[in-house]
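Me: I would like to take a close look at a single part of this protein model. Please give one connected account that a first-year student can follow.

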Amino acid sequence: MIRRQRLAAGVCALLAALTAGLAFPAPAAADETEQAAPKVELVLDVSGSMRARDIDGGSRMAAAKQAFNEVLDATPKEVRLGIRTLGANYRGNDRQTGCKDTQLLYPVGPLDRTEAKTAVATLAPTGWTPIGPALLKAASDLDGGDGTRRIVLISDGEDTCQPLDPCEVAREIAAKGIGLTIDTLGLVPDAKTRNQLSCIAHATGGTYTSVQHKEELTDRVGQLVDRAADPVVTPVAAQGADECTNAPALKSGLYTDREEFGQQRWYKVDVKPGQELRASVSVADDRAVAPGYGVLLRAVTEHGREIVRGEAAGNGRTDVASTGLRYPKAESDDENAPAETVCLQVTNSFSAASGVKTSPGLPLELTVDVVHGPDQAGDVASFGLGRGWWLLGALVLAGFVAGLLWGWLSRWRIAVWRTN
């Protein structure tokens, strides 16, 4: 009878909770707020070399126009899209004038497909290839706001406006910490073009694609525009200090910074009793570096005592070195126990190759996650086995029991044999 009463009371409580939830919906969590609209700018090379007819029997310009028209038709409505050209207007031979030839053909904003297509239809291969200046202008076009920002550069040749190196421009853009990615596509590229466009993309965490056919170009540009609409975690720019005392205080999140060759950067994280700090760091070599390098991540107290460390080494075959660490802080009987300030030190042993600029520093990405620690001591790894101790103990016990049974069975068989 008592069980039935308790069951009925539980059912009534459950129905009441469901009714209250429907009548008074819970407020949205902080991380469920609406994200800012993603922005994409397509930067198209309209220099004279785009007249070449080597893409499926047509010109490179015709392939680019067809790709743009199809991509504009398929652009997600939430994407704010713009189009910028380089080398589209000046036909002369004056280098200084030709290297300023970049124009915002269609401003970044809600897409009017008819207007954008009309603007693209007027383009004709004309002048120089000022990739560096165009990237600077494109970054300015996308400035402001917190949403995803992406530049898609389409070119068939290397920049003709040195000494403004477009790869250095891309590094400067990445060093601003504004979360802007540059993806590049090379139309029938030669080795120099491929190297330059690859360098631009890698400097900002983007991708490079070599294109030989119209369908490849359309598919790839469409993928990159769609990717901008995907929800992503936008890194927050953080500037580490030379020592822990002046280090910025970080909470759980994804952070970006720049670290000079052989430099160390410091950050601080507060960890309360019963919490666990999980941190990881990646340092990318966005330029030529000497083989043999490493990354060290240390967690130390404010007094300099090392708590735990993670380290990784590379030999030049990869373009990023990553490592991580975990620090569980024990529970405290004092409910008012203060949080412990943990200092995170990031050190790299990269060295620049001969003739390579060392500024700005190497791109650094730091992930910090402060979570509830293990509920039981058995959840924490013990001598590297963690919960495996239970399995080891069960195996030992099973072995002991099996040994006893086998011994008893052997003695019984021997006794039976002797009797017969």
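Is Asp56 buried or exposed, or does Asp56 count as partly exposed, and at what relative accessibility?

Reply: Two remarks on the source come before the residue itself. The model is predicted, and local features need pLDDT of at least 70, side-chain atom pairs count only at pLDDT 80 or more, and totals for chains, interfaces and linings use all residues. Residues are numbered from 1 along each chain as its sequence is written, and side-chain values use heavy atoms, with hydrogens and water left out.

Asp56 counts as partly exposed, because its relative accessibility is 45%. Buried means under 20% relative accessible area, exposed means over 50%, and partly exposed lies in between (1.4 Å probe, protein chains only). Asp56 sits in the loop between strand 1 (39-45) and helix 2 (60-74). Helices (H or I, at least four residues) and strands (E, at least two) are DSSP runs, numbered from the N terminus.

The backbone of Asp56 also deserves attention. Although Asp56 is not a glycine, its phi is positive, at about 55°. Most residues other than glycine have a negative phi, and most peptide bonds are trans. Val188, likewise not a glycine, has a positive phi near 45°. Val188 lies in the loop between strand 5 (180-187) and helix 7 (191-203), and it counts as partly exposed because its relative accessibility is 23%. As for peptide bonds, the one from Ser359 to Pro360 is cis, with omega near 0°. Pro360 belongs to the loop between strand 15 (340-348) and strand 16 (362-372).

On the surface, Asp56 joins Glu70, Glu215, Glu216 and Asp219 in a negative patch. Patches are made of residues with over 30% relative accessible area and no salt bridge; like charges are joined within 9 Å, and nonpolar side chains (Val, Leu, Ile, Met, Phe, Trp, Tyr) within 5 Å. A salt bridge is a side-chain nitrogen of Lys or Arg within 4 Å of a carboxyl oxygen of Asp or Glu. Lys and Arg count as positive and Asp and Glu as negative, while His and the chain ends are not counted. Each charge is placed at NZ of Lys, CZ of Arg, CG of Asp or CD of Glu. Helix 8 (residues 214-229) supplies the largest share of the negative patch, three residues. Glu215 is found in helix 8, and it counts as exposed because its relative accessibility is 64%.

For the wider setting, the chain holds nine helices and 16 strands, and 40% of its 420 residues count as buried.

Conventions:
Accessible areas come from the Shrake-Rupley method with a 1.4 Å probe; for residues, only the protein chains shown count as cover.
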